[in-house]
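Subject: Structure handover

Hello,

Here is the structure I said I would pass on. Please look it over before reading the notes below it.

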Amino acid sequence: MSITVGTVLEGVVSGITKFGAFVELPGGVTGLVHISEVADTYVKDVNDYIKEKDRVRVKVINIDEKGKIGLSIKRANPDYVERHGPRHGRPFSSASFEDKLARFMKESDERIQDLKRHTDSKRGGRGSRY
């Protein structure tokens, strides 16, 4: 059986670690479900969601140059919706890296100027003697 990115398969959990779970796929190959791909919510402990020998549906999300297979349980769910947009209270931005960097530098300079003005007023302004 040929395993390609995007394929949804059924496998058996062969091992669990603190960073994810190993799943044996048809044909005897093994892939890794990273802890972030176990469920659509925050996962502190993989054991809370799956156990060894469980049969799970997984989606192949990547295969690296060494042949290691990256799997996802949450993306194998037909109801899964890839989330874009608000994350951690910040709106999704399609601005380029350079635009984001320029905005960050401008905001940073403004904050530094505000901090200097506030600090100088506490000391009595520039050029004041002790």
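What follows is a short account of what was found, from the whole chain down to single residues.

Please keep in mind that this is a predicted model.

The chain as a whole

The protein chain has five strands and one helix. Starting at the N terminus, the order of the elements is β-β-β-β-β-α, with the helix after the strands. Of the 130 residues in the protein chain, 23% are buried. The protein chain has an exposed area of about 10,100 Å², and 52% of that area comes from carbon and sulfur atoms. If one takes the contacts between residues at least 6 apart in sequence, 50% of them link residues at least 24 apart.

The barrel

The five strands close into a barrel, and going around it the order is S1-S2-S3-S5-S4. The pairing in this barrel is mixed. From one strand to the next, the twist averages 55°.

Strands of a sheet pair through backbone hydrogen bonds, and the pairing can be parallel or antiparallel. For two of the strand pairs in the barrel, the details are as follows.

S1 covers residues 8–17 and S2 covers residues 20–24; the two run antiparallel and are joined by five bridges. Two residues lie between S1 and S2, which form a hairpin. Val-12 faces Glu-24 of S2, and Val-13 has Val-23 of S2 opposite it.

S2 also pairs with S3 (residues 30–34), again antiparallel and over five bridges. Here Gly-20 has His-34 in S3 as its bridge partner. S2 and S3 make a hairpin too, with five residues between them. In that turn, Gly-27 has a positive phi of about 95°.

The helix and a surface patch

Helix H1 spans residues 97–123, and Leu-101 is located in it. Leu-101 also belongs to a nonpolar surface patch of about 440 Å², together with Phe-97, Phe-104 and Met-105.

Is Leu-101 buried, exposed or partly exposed? Its relative accessibility is 39%. Buried means under 20% and exposed means over 50%, so a residue in between is partly exposed. Leu-101 therefore counts as partly exposed.

To start with the model, I suggest following S1 into S2 and S3 through the two hairpins, and then turning to the patch that includes Leu-101.

Regards

Terms used
Residues are numbered from 1 along each chain as its sequence is written. This is a predicted model: local features need pLDDT of at least 70, side-chain atom pairs count only at pLDDT 80 or more; totals for chains, interfaces and linings use all residues. Side-chain values use heavy atoms; hydrogens and water are left out. Helices (H or I, at least four residues) and strands (E, at least two) are DSSP runs, numbered from the N terminus. Buried means under 20% relative accessible area, exposed over 50%, partly exposed in between (1.4 Å probe, protein chains only). Contact means heavy atoms within 4.5 Å. Accessible areas come from the Shrake-Rupley method with a 1.4 Å probe; for residues, only the protein chains shown count as cover. Two strands pair if DSSP finds at least two bridges between them. Patches are made of residues with over 30% relative accessible area and no salt bridge: like charges are joined within 9 Å, nonpolar side chains (Val, Leu, Ile, Met, Phe, Trp, Tyr) within 5 Å. A salt bridge is a side-chain nitrogen of Lys or Arg within 4 Å of a carboxyl oxygen of Asp or Glu. Axes are lines fitted to C-alpha atoms, for helices over the stretch in contact, and angles run from 0 to 180 degrees between N-to-C directions.
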